[in-house]
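Please look over the chain shown below. The notes after it take up helix packing, cores and selected residues.

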Amino acid sequence: GRKVLPEKPTPNADAYLLYLRGLTFESSPAFVISDYEAAQALYEQALTLDPNFARAHARLSSTLGLLYQQRGPRQDLKRVAFAEAREALRLQPDLGEAHLAMAYYYYRIERNFSLALPELEIARRLLPNDPEPAGFIAYIQRREGKWKQALAGLEAVSVRDPHIFTVAEELYATATLLRDWPAAGRFAQRLINLAPTLPQVRIETSYLSVRAKGDLGPVPKVFEEYTDFGDPEGDVSWGRWDAAMLARDFQKAHEAIGKFPHDTLPSVFAGPIPKSYLEACISLAQGENAQALKEFEIARPQ
């Protein structure tokens, strides 16, 4: 068959270089807010040089969705993420990345899976060599409780490209949630092979023994490797706090959050979590209900 070469996404070489640099930051495995902020800045610079660069509009939208998840539900992020995805579609209605951006907007920001799915199906058709749309279809299946389908979908993506870090991580998480400990063990090893030095991987995989056997043993050993508390995203501090809570070592739990340099810790589960909430959890675990109530009230507005 005739090979179809991809069209040049922008005539501006500098804009294209900025876009490629943005991609490396956006797809960093560490889920680091500063990486997403760097990607946002690079895509915005690319668009200053070429406002008609549809792919840069699409990726900017996607990055703003990640920031919405990590930094908390800000209306400005929501508004601009939607506008950027819409602009990418206006410029190039048949651009797979533009449909992907709109799917991410519905998935990450609106949490509207029935609107995200058709966009993912279009993206999958337009991007036959990109495993990402299939991965997100699997994430939606998991959120809808179709666990076995989700696992099979993620495994199919992983066979196509074993090096996608987020898919490896989601396979590990899905097997863990299904209580399939042998599969979780295999996926944990794959994660370690992909990112052996990443703190969140070392912490996540050490928890397998806790979940499978109720054995806390390996978890504190991981934290011996990370002596500094200056992790900007709070991965290490979260882990230290949680492990200390499980061990009922409340002094260590206080230390973990006391030494974290910011007032809130980022969370993939919600918006940023204020320290006062974690302090309240410690008070509650110690039976100090009046103190816990005070701290929960401080945390409540956030």
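What follows is a short report on this predicted model.

## Helices H6 and H7

Two packed helices are described by the angle between their axes and the distance between the axes. Here the pair is H6, residues 113-126, and H7, residues 132-143. Their axes come within 9 Å. They cross at roughly 155°. Angles over 145 degrees count as roughly antiparallel, so H6 and H7 are roughly antiparallel to each other. The crossing of H6 past H7 is left-handed.

Which residues make the contact? H6 supplies Phe113, Ala116, Leu117, Leu120, Glu121, Ala123 and Arg124. H7 supplies Pro133, Ala134, Phe136, Ile137, Ile140 and Arg143. By class, this contact of H6 with H7 has 10 nonpolar residues and 3 charged ones. Polar residues are absent from it.

## The nonpolar cores

In soluble globular proteins, nonpolar side chains tend to be buried together. In this model, the largest nonpolar core has 66 residues. Phe53, Tyr107, Leu120, Tyr172 and Phe187 touch the most other members. Helix H5, residues 96-110, gives the largest share of this core, 10 residues. Another core lies apart from it. That core has 13 residues, among them Ala244, Ala253, Ile257 and Cys281.

Two residues of the largest core deserve a second look. Leu120 belongs to the core and also takes part in the contact between H6 and H7. Phe187 has its own set of partners beyond four places in sequence: Leu151, Glu155, Leu171, Tyr172 and Ala175. One of these, Tyr172, is itself among the core residues that touch the most other members.

## Helix H11 and its neighbours

Which residues of helix H11 are buried? In this helix, residues 199-206, they are Gln200, Val201, Ile203, Thr205 and Ser206. The buried residues pack against helices H9 (165-177), H10 (181-194), H12 (208-213), H13 (218-225) and H14 (235-246).

## Glutamine 40 and tyrosine 277

Glutamine 40 sits in helix H2, residues 33-49. Is glutamine 40 buried or exposed? Its relative accessible area is 18%. The cut-off for buried is under 20%, so glutamine 40 counts as buried. Leaving aside neighbours within four places in sequence, glutamine 40 is in contact with Leu60, Thr63, Leu64 and Leu67.

Tyrosine 277 is part of helix H16, residues 275-285. Its relative accessibility is 37%, so tyrosine 277 counts as partly exposed. Not counting residues up to four places away in sequence, tyrosine 277 touches Phe296 and Ala299. Proline 118 is 159 residues from tyrosine 277 in sequence. In space, the two are 38 Å apart, C-alpha to C-alpha.

## Positive phi at two arginines

Where does arginine 179 lie? It is in the loop between H9 and H10. Its phi is near 60°, a positive value in a residue other than glycine. With a relative accessible area of 55%, arginine 179 is exposed, because the cut-off for exposed is over 50%.

Arginine 248 also has a positive phi, near 55°, and is likewise a residue other than glycine. Its place is in the loop between H14 and helix H15, residues 250-258. At 53% relative accessibility, arginine 248 counts as exposed.

How values were computed
Residues are numbered from 1 along each chain as its sequence is written. This is a predicted model: local features need pLDDT of at least 70, side-chain atom pairs count only at pLDDT 80 or more; totals for chains, interfaces and linings use all residues. Side-chain values use heavy atoms; hydrogens and water are left out. Axes are lines fitted to C-alpha atoms, for helices over the stretch in contact, and angles run from 0 to 180 degrees between N-to-C directions. Helices (H or I, at least four residues) and strands (E, at least two) are DSSP runs, numbered from the N terminus. Angles under 35 degrees count as roughly parallel, over 145 as roughly antiparallel, 65 to 115 as roughly perpendicular and the rest as oblique. A crossing is left-handed if the near helix is turned anticlockwise from the far one by less than a right angle, and right-handed if clockwise. Contact means heavy atoms within 4.5 Å. Ala, Val, Leu, Ile, Met, Phe, Trp, Tyr, Cys and Pro count as nonpolar, Asp, Glu, Lys and Arg as charged, and the others, Gly among them, as polar. Buried means under 20% relative accessible area, exposed over 50%, partly exposed in between (1.4 Å probe, protein chains only). A nonpolar core is a set of buried Ala, Val, Leu, Ile, Met, Phe, Trp, Tyr and Cys residues joined through side-chain atoms within 4.5 Å.
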